[in-house]
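I opened this notebook page to record what I looked up in one structure, beginning with the overall fold and then turning to charged side chains.

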Amino acid sequence: MTVSSTHSRPEQLRDLLSGDARKIAPLLLGSVLSHNSHEGTVAVRITELEAYMGPGDSLHPDPGSHTFRGQTARNAPMFGPAGHLYVYFTYGMHYCANIVCGPAGTASGVLLRAGEVVEGRHLAQVRRPTSKSPLDLASGPARLATALALTTADSGRDALTEPFELRLPSAPARTYSSGPRVGVSGDGGSADYPWRFWLPDDPTVSRYKPAKVRRA
């Protein structure tokens, strides 16, 4: 699939990303994030995202967010300037990447849940040798981060400048779907927080899975 996207100056993009993550997320559907490394360039067209807001004592408390209990060394990038990356390690094996939103000092961001590799497919396949199809190279947050070679070493880096680039779609998605976030436990994963956004019928969108109920 070919994709048409627009180049915007980093500061213009930063202004856009400085708004409410819940409103920004749908605007980023169809955008392209690329990472240029010594191995080459991989670019992913984003087809699914989740918005996350702030701490319990903020204007928009989000019990599903890593920032809900306040700032820590791990989640500090979420409080930083818009357009930077927040990458975390989960389940002892996976990296997941977010783009920080909102004004500096106000924690929020969008989790990059899924996308289509539109450049550097061979390199993405080398990074994800267990992939069974080009459609699943970045279908899921851990797969997407792996395809783009994003790790916690990138947390806090500016996603709007080299070696990264974020290109907006030529026009906002005409239609998109929204619903509860994937795998979020407690209230944050309920229908009260329909902050997952995706392009309907896109084959790269990940499957919805509710959080597992943990028994004592």
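What radius of gyration does the protein have, set against that of a compact globule with 216 residues? I am working from a predicted model throughout. I find 16 Å for the protein, and because a compact globule with 216 residues would have a radius of gyration near 17 Å, I note that the value agrees. I also looked up the box filled by the C-alpha atoms, which is roughly 45 × 40 × 35 Å when taken along the principal axes. For burial, I note that buried residues make up 50% of the 216 residues.

**Entry: secondary structure.** I looked up the elements next and find four helices and nine strands in the protein. Read from the N terminus on, I have the order as β-α-α-β-β-β-β-β-α-α-β-β-β.

**Entry: salt bridges.** I turned to the charged pairs and find that the structure holds 13 salt bridges. One of them joins the side chains of R22 and D20, with an N to O distance of 2.7 Å. I looked up the cover of both partners: R22 counts as partly exposed because its relative accessibility is 24%, and D20 is partly exposed too, with a relative accessible area of 21%.

I then looked up R45, which forms a salt bridge with D202, the closest N and O atoms being 2.8 Å apart. This pair links distant parts of the chain, as R45 lies in strand 3 (residues 40-52) and D202 in the segment after strand 9, 157 residues apart. I record both R45 and D202 as buried.

Which residue meets E48 in a salt bridge? I find that the partner is R196, with 2.6 Å from N to O between the two side chains. This pair also links distant parts of the chain, with E48 in strand 3 and R196 in strand 9, 148 residues apart. E48 is buried, with a relative accessible area of 0%, and R196 counts as buried because its relative accessibility is 5%. Following the contacts outward, I find E48, E50, R113 and R196 linked in a network of salt bridges.

**Entry: surface charge.** I closed with the surface, where K132, R143, R207 and K209 form a positive patch. Is R207 in this patch buried or exposed? I count R207 as exposed because its relative accessibility is 71%, and I place R207 in the segment after strand 9 (196-198).

Methods. Residues are numbered from 1 along each chain as its sequence is written. This is a predicted model: local features need pLDDT of at least 70, side-chain atom pairs count only at pLDDT 80 or more; totals for chains, interfaces and linings use all residues. Side-chain values use heavy atoms; hydrogens and water are left out. Patches are made of residues with over 30% relative accessible area and no salt bridge: like charges are joined within 9 Å, nonpolar side chains (Val, Leu, Ile, Met, Phe, Trp, Tyr) within 5 Å. Accessible areas come from the Shrake-Rupley method with a 1.4 Å probe; for residues, only the protein chains shown count as cover. A salt bridge is a side-chain nitrogen of Lys or Arg within 4 Å of a carboxyl oxygen of Asp or Glu. Lys and Arg count as positive and Asp and Glu as negative; His and the chain ends are not counted. The place of a charge is taken as NZ of Lys, CZ of Arg, CG of Asp or CD of Glu. Helices (H or I, at least four residues) and strands (E, at least two) are DSSP runs, numbered from the N terminus. Buried means under 20% relative accessible area, exposed over 50%, partly exposed in between (1.4 Å probe, protein chains only). The radius of gyration is taken over C-alpha atoms; the globule rule is 2.2 Å times the number of residues to the power 0.38.
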